[in-house]
Structures are given as C-alpha cells and as structure tokens.
Amino acid sequence: GLVGESGCGKSTTGNCIVRLLAPTTGRVLFTNAAGETTDLATLGNAELKKYRSEIQMVFQDPFSSLNPRMNVFEIISEPMLQFENLSRTESRERVARLMERVGLRPEYMTRFPHAFSGGQRQRIGIARALSLHPRFIVCDESVSSLDVSVQAQVLKLLEDLQAEYHISYLFIAHDLSAVKHISNRVVVMYVGKVVEIADTDELFEHPRHPYTEALLKSVPKL
C-alpha cells in the first residue's frame, strides 16, 4: 500500500515504476521471473520492452483510461498484439476467458466503453492489465472513483486474482480502510518523501511518524 495526501507524489511514484515517467534521480529495482534484478530507471525504450509484459498498471479513472473508439475486444487484446503472435481466434478466446475471470460476459466484447458502468470499465482495465500475465501491477487509485459497494467488489476481485496468479500489487490510495484490507505492508509519503514503512497491522496499531498518526486520526469513525 502507498498512502499520503493529494500532491505528495504517490501517482508520480507509480508512473516512474512503470516508466510512464522517466525518474530524474533514484533507482527502480525490479527482479524478473529469472531472478535477475535490473534498475529500470536506467533503461531505454528498447531495453524496457522485455519488462513491459511483467509490469502493468490499472489507472485511476476508468472513464479516461479506455479508448472510446476501441471496443472491449480491441482494448484487452491490444497488449497481446504488441508482445505475442496470436491469431484472431486465439486472441478472442483469451479475451473471453479474461472477461469471464473479471466478472464480465464475453458477448460484451464488441461493445464500446460508453456502454458500461464505472465498475465495469474498471474491470475492463483490470482484464487489460492481466492480458500479458504480469508479475507486478500498479493500482493507482483504482477504486477511488467507484461507489462504495462497487469498490468492495473490485477489491475482492483484486484479492482473488492475486491469489490465483501470484501477482504483487502496489496499491496507491487515499482510502486507508481499503489499504488496510488489501495490503501486507504500507508506505507513507509526505511532501514527496517516504516517512514510514511498516507491516499493515503494525502501522495501524503503532504509527511512529507524526504524519502517519495524523492520517489515521483523520479517518471518520462511526
């Protein structure tokens, strides 16, 4: 989990990890499936391509992160076309399986994003992120724009997918209850700096930094 107030650098951190932004300083160490550790911050676009399939992102806004001119099949299959040599039949079969796995009906693959609710669009984004069987997914405020009941469904889906596919998440959020529910460890950021890292239970029960204490006290309680 990665928490902190708006503007503290959470999304920038996530974008640097997936190299949507080039870090100006520091390192991004990633261990691939073969056990080799590489600093992604030093790689050019050509060198990065072999890591792209292992690192994916689920974006904050399910309305702006999906291309309105592409249907669901095109959105989910686009990463496969970039990295794998699949026939259209194979692509359709895999997209259908992914849609079923995230709770969408395969016959919806010919529809466009405007035909779906916010929760359904976020499921499409999750299916797209899963299409290359990544080992690491950055979830950037991926439930913040959804209704509370839909948030719970998407969090449950993320947990089930993690157990099934052995994925690691960086879960960026404002909602401390969601972070507590899904995270094993939590990083607290304040004005662009990491001020505390701890196991989830330890951080929520015994916060050490004054800013962490202030964050926890700001959560409304019934």
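## Salt bridges, cores and ring contacts

Six salt bridges are present in the structure. The model is a predicted one.

**Charged pairs**

Arg-135 and Glu-54 form one of these salt bridges, with their closest N and O atoms 3.3 Å apart. Arg-135 sits in the loop between α5 (118–130) and β5 (136–140), and Glu-54 sits in the loop between α2 (45–52) and β4 (55–58), so the bridge ties together parts that are 81 residues apart in sequence. The two partners differ in burial class. Arg-135 is partly exposed, at 34% relative accessible area. Glu-54 counts as buried, at 14%.

Arg-94 pairs with Glu-84 in another salt bridge, and here the closest N and O atoms are 2.6 Å apart. Arg-94 belongs to helix α4 (residues 88–101), whereas Glu-84 lies in the loop between α3 (72–83) and α4; the two are 10 residues apart. In this pair the arginine is the buried partner: Arg-94 has a relative accessibility of 14%. Glu-84 is partly exposed, with a relative accessible area of 25%.

Arg-105 and Glu-107 also meet through their side chains, at 2.8 Å from N to O. Arg-105 is partly exposed, at 49%. Glu-107 is partly exposed too, at 47%.

The table sets out these three salt bridges.

| Pair | Closest N to O distance |
|---|---|
| Arg-135 and Glu-54 | 3.3 Å |
| Arg-94 and Glu-84 | 2.6 Å |
| Arg-105 and Glu-107 | 2.8 Å |

**Charges over rings**

Two basic side chains are placed over phenylalanine rings. The charged end of Lys-49 sits over the ring of Phe-83, 5.7 Å from the ring centre. The charged end of Arg-92 sits over the ring of Phe-73, at 5.3 Å from the centre.

**Aromatic pairs**

Across the whole structure there are three aromatic pairs. One of them joins Phe-30 and Tyr-51: the ring centres are 6.2 Å apart and the planes stand at 85°, so the arrangement is edge-to-face. Phe-30 lies in strand β2 (residues 29–31) and Tyr-51 in helix α2, so the contact ties together parts that are 21 residues apart in sequence. Both rings belong to buried residues. Phe-30 has a relative accessible area of 10%, and Tyr-51 has one of 5%.

**Nonpolar cores**

The largest nonpolar core contains 49 residues, and Ile-76, Ile-126 and Phe-171 have the most contacts inside it. Helix α6 supplies the largest share of this core, six residues. There is also a second, separate core of 18 residues, which includes Val-18, Phe-30, Leu-40 and Phe-136. Phe-30 therefore has two roles in this account: a member of the second core and a partner of Tyr-51 in the edge-to-face pair.

Ile-76 has contacts well along the chain. Leaving aside neighbours within four places in sequence, Ile-76 touches Val-95, Leu-98, Met-99, Ile-124, Ala-127, Arg-128 and Ser-131.

**A buried serine**

Ser-142 is placed in the loop between β5 and α6 (148–165). Is this loop residue buried or exposed? Ser-142 is buried, with 2% relative accessibility. Beyond neighbours within four places in sequence, Ser-142 is in contact with Val-58, Phe-59, Gln-122, Leu-158, Phe-171 and Ile-172. One of these partners, Phe-171, is among the residues with the most contacts inside the largest core.

**Cysteines**

How many disulfides does the structure hold? The count is zero. Cys-8 is in no disulfide, and the nearest cysteine sulfur, in Cys-16, is 13 Å away. Cys-8 is buried, at 2% relative accessible area. For Cys-139, the closest cysteine sulfur is that of Cys-8, 17 Å away and too far for a bond. Cys-139 is buried as well, at 1%.

**Asp-160**

Helix α6 also carries Asp-160. This residue is partly exposed, with a relative accessible area of 30%. Asp-160 and Arg-101 are 59 residues apart in sequence, yet their C-alpha atoms are 9.8 Å apart in space.

Note on methods
Residues numbered from 1 in each chain as written. Predicted model: local features only at pLDDT ≥ 70, side-chain atom pairs only at ≥ 80, totals over all residues. Heavy atoms only, no water. Salt bridge = Lys/Arg side-chain N within 4 Å of Asp/Glu carboxyl O. Helix = DSSP H or I, 4+ residues; strand = E, 2+ residues; numbered from the N terminus. Buried < 20%, exposed > 50% of the residue type's maximum accessible area, 1.4 Å probe, protein only. Contact = heavy atoms within 4.5 Å. Disulfide = S-S within 2.5 Å. Core = buried A, V, L, I, M, F, W, Y, C linked by side-chain atoms within 4.5 Å. Phe/Tyr/Trp six-rings, centres within 6.5 Å; stacked < 30°, edge-to-face > 60°. Lys NZ or Arg CZ within 6 Å of the ring centre and 35° of its normal.
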